[in-house]
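Visitor: Please choose one part of this model and describe it closely, together with what packs around it. I should like the cut-offs behind each term as well.

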Amino acid sequence: MTDHTHYLPPKVWTWDQASGGAFASINRPIAGATKEHALPVGKHPFQLYSLGTPNGQKVTIMFEELLAAGHKEAEYDAWLIRIGDGEQFGSGFVEINPNSKIPALLDRSGATPIRVFESGAILMYLAEKFGAFLPTEPAARAETLSWLFWQMGSAPFLGGGFGHFYAYAPAKLEYPINRYAMETKRQLDVLNRRLADNEFIAGDHYSIADMAIWPWYGGLVKGWLYDAAEFLAVQEYTHVNRWADQVFARPAVARGRKVNRTSGDPSSQLHERHDASDFDTRTQDKLSATNP
């Protein structure tokens, strides 16, 4: 039996395919496609290939908010990528995102398709394309982008750090759980202090900063991530809780959170999204039946 408390690293690391906890089957030390697999293409200008994780929700929320704001050119097809089955390693997906992570976007609205990968890059790309949810005034723009990139740098400590060791690692280890719980609570305190004096993350206006941060930290305080709300005493962060509820009350956010989801109550899942009518219960049930 492995002694998890006394590990002496070897001089040269080698890949033990049996390690990795809940995600052992999809984690690997090499990049590139493992199989030939073309991606489906729908009728809309934007083709999104994703999964309803917090990173995936950022982009579907953005699309639904753009459509709600009247940007009809933002119509999109959202195709489900089952990362547990390794679909992100198919050749078609790797052509769009060489990093094999969801979400990945193909903009087919112009003469030449444009690929965009990394959730923050997609949010910024769409905000600039449609002139929405990203201020143009220099100070407000800088504030919004600063918080957007705060999320990019901070969330790996929450997900890959705390979430992994608290919920997914093959063994419960005190040191990493304590280390990342401390950092997660520090991040929540950063947000709580910011939201004490601001309605939204970047100030008075809802923006891509909120869309990026809410699926992670809003989901955390609402008890949706890692079953860790009690452990982290999330009720202490009253301003984050206020903001999390306020953002979730937006109809576009509620819709965006459903797209490409494969877990939770069936009513919270819409495996694929190709039209606004897909959110209709009857259509949703039909899609769920054909995408078990």
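Guide: The account below begins with the sheet, continues to the nonpolar cores, and ends with two helices and two residues of another helix.

The model is predicted, so that local features need pLDDT of at least 70 and side-chain atom pairs count only at pLDDT 80 or more, while totals for chains, interfaces and linings use all residues. Residues are numbered from 1 along each chain as its sequence is written, and side-chain values use heavy atoms, with hydrogens and water left out.

The sheet is open and has four strands in the order β2-β1-β3-β4, with mixed pairing. Helices (H or I, at least four residues) and strands (E, at least two) are DSSP runs numbered from the N terminus, and two strands pair if DSSP finds at least two bridges between them. At the edges lie β2 (76-80) and β4 (114-117), each of which pairs on one side only. From one strand to the next the twist averages 20°. Helix α3 (residues 119-130) packs on this sheet and touches β1, β3 and β4 (contact means heavy atoms within 4.5 Å); the direction of α3 makes about 130° with that of β4. Such angles run from 0 to 180 degrees between N-to-C directions, with axes fitted to C-alpha atoms, for helices over the stretch in contact.

Within the sheet, β1 (residues 46-50) and β3 (residues 104-107) run antiparallel and are joined by four bridges. L48 has L105 of β3 as its bridge partner. L105 in turn has V116 of β4 as a bridge partner. The strands β3 and β4 also run antiparallel, with four bridges between them, and a hairpin of six residues connects them.

The largest nonpolar core has 61 residues, among which M62, L126, I208, Y217 and W243 touch the most other members. A nonpolar core is a set of buried Ala, Val, Leu, Ile, Met, Phe, Trp, Tyr and Cys residues joined through side-chain atoms within 4.5 Å; buried means under 20% relative accessible area, exposed over 50%, and partly exposed in between (1.4 Å probe, protein chains only). At least two residues of the core come from each of β1, α1 (54-68), β2, α3, α4 (138-168), α5, α6 (208-221) and α8 (238-248). Helix α6 gives the largest share, ten residues. Beyond its neighbours within four places in sequence, I208 is in contact with M62, L123, M124, A127, F133, L134, T144 and L148. A second, separate core has eleven residues, including L51, W79, F93 and I102.

The axes of α6 and α8 come within 9 Å and cross at roughly 115°. At their interface, D210, I213, W214, Y217, G218 and V221 of α6 meet V240, N241, W243, A244, V247 and F248 of α8.

Two residues of helix α5 complete the picture. N192 belongs to α5 (residues 174-196) and counts as buried because its relative accessibility is 11%. Outside four places in sequence, N192 is in contact with E236, Y237, T238, H239 and V240. A polar atom of the N192 side chain lies 3.4 Å from the backbone nitrogen of T238. R194 is also placed in α5 and is buried, with a relative accessible area of 19%. Not counting residues up to four places away in sequence, R194 touches E143, W147, I201, A202 and G203.

Technical notes:
Polar contact = N/O pair within 3.5 Å; in protein donor to acceptor, adjacent residues only side chain to side chain.
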